[in-house]
Amino acid sequence: MTIPERFLALGDSFTIGTGTTPDQSFPAVLVRIWSAAGRSVVLSNPAVNGYTTDDLINAELPLVLSFRPTLMTLLIGANDIVQGSSDDRYRRQLRSIHERIHDDAPDARVIALPQPDWSLSPAGSGFGDQDAIARKIERFNEIARDEADHANAGWIDLFPLMRDQGRRKMFASDGLHPSAEAYGEWARDLATRASASSP
């Protein structure tokens, strides 16, 4: 009998699937892809729309010990940008998150992910200058990648796909978040690339 893999998806609106329904979020679609391929995976997705790194630390990280994940994804930072977080603070927050994950689940595989380019969304202009937001997103994604490398975590760069989706206007009806089809594309890309990069 195969022991199911335990997948904990940490993050914000882009992980819970805001703009569609949780069953169309990228973690849920990813689990269905894996299940169809004969892989047994139990998913816990505690992500919440609007969460910052502070919220993830306070509300989601305590679940690592209780859920005992063998696999985790980490996608967080858009709301830190909205709230005016500095690059240095975001880096410190991510370093703290990775250290806590390592302490509480040292054998888990961790895959860090970039945030999409939500500056391209119809609602993105409500958060400031589009070019400035795009540059901030790029810097935060660079920091996320650096901190994943520092923590010996994995990094799967979905950003080229995400930016292309933005240019193709693959947004949900809220005008900000990705559409269900966009989340599905993330999951399919992750299914291929996560398997290819398995240790």
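This note goes through the pockets and cavities of the structure, which is a predicted model.

1. The largest pocket holds about 210 Å³ of space. Its lining is made up of 13 residues, and those that lie nearest the centre of this pocket are H98, H102, A151, N152 and A153.

2. Among the elements around the largest pocket, helix α6, which spans residues 87-104, gives the most to the lining, with five residues. Sorted by class, the lining of this pocket has seven nonpolar residues, together with four polar and two charged ones.

3. The second largest pocket contains about 150 Å³ of space, and the residues that line this pocket include F14, W118 and F127, as well as N49, N79, Q83 and H177. Two elements, α1 (13-16) and α5 (78-82), give two or more residues to the lining of the second largest pocket, and the largest share, three residues, comes from α5.

4. As for the character of the second largest pocket, the residues of its lining divide into six nonpolar and six polar, with no charged residue. The lining of the largest pocket, by contrast, has two charged residues.

5. Turning to enclosed space, the count comes to two cavities of 30 Å³ or more. The largest cavity has about 80 Å³ of space, and of the 13 residues that line the largest cavity, P116, M162, G166, F171 and P178 are the closest to its centre.

6. Helix α8 (residues 159-167) supplies the largest share of the lining of the largest cavity, namely three residues. By class, the residues lining this cavity divide into nine nonpolar, three polar and one charged.

7. In the second largest cavity lies about 40 Å³ of space, and its lining consists of L74, L75, I76, Y90, L94, H98, A112, L113 and A144. Both β3 (71-75) and α6 supply at least two residues of this lining, while the largest share, three residues, comes from α6. The class division for the second largest cavity is eight nonpolar residues and one polar, with no charged residue.

8. A point that a reader may wish to follow in the structure is the place of H98 and its helix. H98 is one of the residues that lie nearest the centre of the largest pocket, and H98 also appears in the lining of the second largest cavity. Helix α6 gives the most to the lining of the largest pocket, and the largest share of the lining of the second largest cavity likewise comes from α6.

Definitions and conventions. Residues are numbered from 1 along each chain as its sequence is written. This is a predicted model: local features need pLDDT of at least 70, side-chain atom pairs count only at pLDDT 80 or more; totals for chains, interfaces and linings use all residues. Side-chain values use heavy atoms; hydrogens and water are left out. On a 1 Å grid over the protein atoms alone, a cavity is a set of points where a 1.4 Å probe fits but cannot get out, and a pocket is an open set with protein on both sides within 12 Å along at least five of seven lines; lining residues have an atom within 4 Å of a point. Grid points are joined across faces, edges and corners, and a volume is the space filled by probe spheres set on the points. Helices (H or I, at least four residues) and strands (E, at least two) are DSSP runs, numbered from the N terminus. Ala, Val, Leu, Ile, Met, Phe, Trp, Tyr, Cys and Pro count as nonpolar, Asp, Glu, Lys and Arg as charged, and the others, Gly among them, as polar.
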